[in-house]
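Me: I have a model open and I keep tripping over the labels people put on it. Can you walk me through what backs them up?

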Amino acid sequence: MAVEKRVPALCNYAMFCAGCGHGVLLRLICECLEELGQEKNTIAAIGVGCSCHLKSGINVDLVQCPHGRAGAVATGIRRAEPDKCVFTYQGDGDAYNIGIAETLNAAYRNENLCVFVVNNNNFGMTGGQMSWTTMEGQKTATSPAGRDIALTGAPIKVPEMIAHSFRPAYVARGAVTTPAEINRLKGYIKNAFQAQLNHEGYSMVEVLSTCPTNWGMEPLAAHQHLMEHVVPYYQLGEFKKRGE
Amino acid sequence: MSKATADQERCKGCGLCIAYCKKNALEMSSHINSRGYKSIRVLPDNCIGCGICYTVCPDGVFTIAAE
């Protein structure tokens, strides 16, 4: 049987850096929305940072939220438009460092939303500063000697926190690396949207992504670094399955 | 049989598709697209249309379709 794959019409050219994982996640979200028939019924709340590039990258209605507040803005959208498909698209700096209160409160209330967080271990857009997810010893613009976790805390695991502390519908972590991991990630994203469409409640998918520009690596070397040094700490998989 | 085709205008020349293609069916061309990036070229004789390039491409360069 002939394989046929085309980039969804929802998915425009986006201004991410060459080799950045954001572009793959954007395409997977578009594919899932198209397969679920939600391409004309979706509103996205986007964070500040590289996620701002969704403004040109996706053909759905968008709200550009204040830094970190996408969880609160999406809650408002959900309550005003109960029949829409609503998701947030944020980076780790936006959803965790800046907006942990909004992120956790939305999860605590079990709002019927999908939250997609790109975890690339730094604040990408502003030049690669240290974030809560920066790995131990990782050099960034603001940790030039490598992150000292005795001084700054250990890399945070928000999906585990939400899955084990609250009663969300679905929580998973995937990675944009090998084709196999990308295919698994698509399954997680689709589960998150299906949970929302079935009114099951809050779902979060954290996506480990490379940031070749700020990591100072070639795109393929960044993939290998992610698999060897980041995935062992940030385990992949589903932390809260639907219906559990 | 399906084959990959590349929209060179979307390509940023990251080379991930070349690294993951098992059939040596992709190469970097010397063509510079309108955004200033080197872009990828498909070698159709080697391509089996598996779609790996479509999956790993961050920029939606590839279409996999029957010839």
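Reply: Sure, and keep in mind that this is a predicted model. Let's start with chain B, which has 2 helices and 4 strands. In sequence order they run β-α-β-β-α-β.

Me: What makes chain B as compact as a globular protein of that length?

Reply: Set its radius of gyration against the globule rule. The rule gives 11 Å for 67 residues and chain B comes out at 11 Å, so it is as compact as a globular protein of that length. For the outline, the C-alpha trace spans about 35 × 20 × 20 Å along its principal axes. As for burial, 42% of the 67 residues count as buried. And if you take the contacts in chain B with a separation of 6 or more, 61% are between residues 24 or more positions apart.

Me: Now chain A. Why is A:Lys84 called partly exposed?

Reply: Count the neighbours. A residue is buried with 20 or more other C-beta atoms within 10 Å and exposed with 12 or fewer. A:Lys84 has 16, so it is partly exposed. You'll find A:Lys84 in the loop between H3 and strand S3 (85-91) of chain A.

Me: Which residues does A:Lys84 touch, leaving out those up to four places away in sequence?

Reply: They are A:Asn41, A:Thr42, A:Ile43 and A:Ile77. As for A:Gln196, it sits 112 residues from A:Lys84 in sequence, yet their C-alpha atoms are 9.8 Å apart.

Me: Which residues of helix H5 in chain A are buried, and how do you know that they are on the same side?

Reply: In H5 (residues 100-108), the buried ones are A:Glu102, A:Thr103, A:Ala106 and A:Ala107. Around the axis they cover an arc of only 130 degrees, so they lie on the same side of H5(A). Their cover includes helix H3 (70-80), helix H4 (92-98), helix H7 (158-165) and strand S6 (203-208) of chain A. Just after H5(A) comes A:Asn110, with a positive phi of about 55 degrees.

Me: Last one: what makes up the side of chain A that touches chain B?

Reply: On the chain A side, 21 residues are in contact with 24 residues of chain B. The elements of chain A giving two or more residues to that side are helix H1 (22-35), helix H8 (179-197) and helix H10 (219-230). By type, the chain A residues there split into 13 nonpolar, 4 polar and 4 charged.

How values were computed. Residues are numbered from 1 along each chain as its sequence is written. Chains are lettered from A and ligands numbered from 1 in the order in which they are written. This is a predicted model: local features need pLDDT of at least 70, side-chain atom pairs count only at pLDDT 80 or more; totals for chains, interfaces and linings use all residues. Two residues are in contact if their C-beta atoms, placed from the backbone, lie within 7 Å. Ala, Val, Leu, Ile, Met, Phe, Trp, Tyr, Cys and Pro count as nonpolar, Asp, Glu, Lys and Arg as charged, and the others, Gly among them, as polar. The arc is that of the directions from the helix axis to the C-beta atoms. The radius of gyration is taken over C-alpha atoms; the globule rule is 2.2 Å times the number of residues to the power 0.38.
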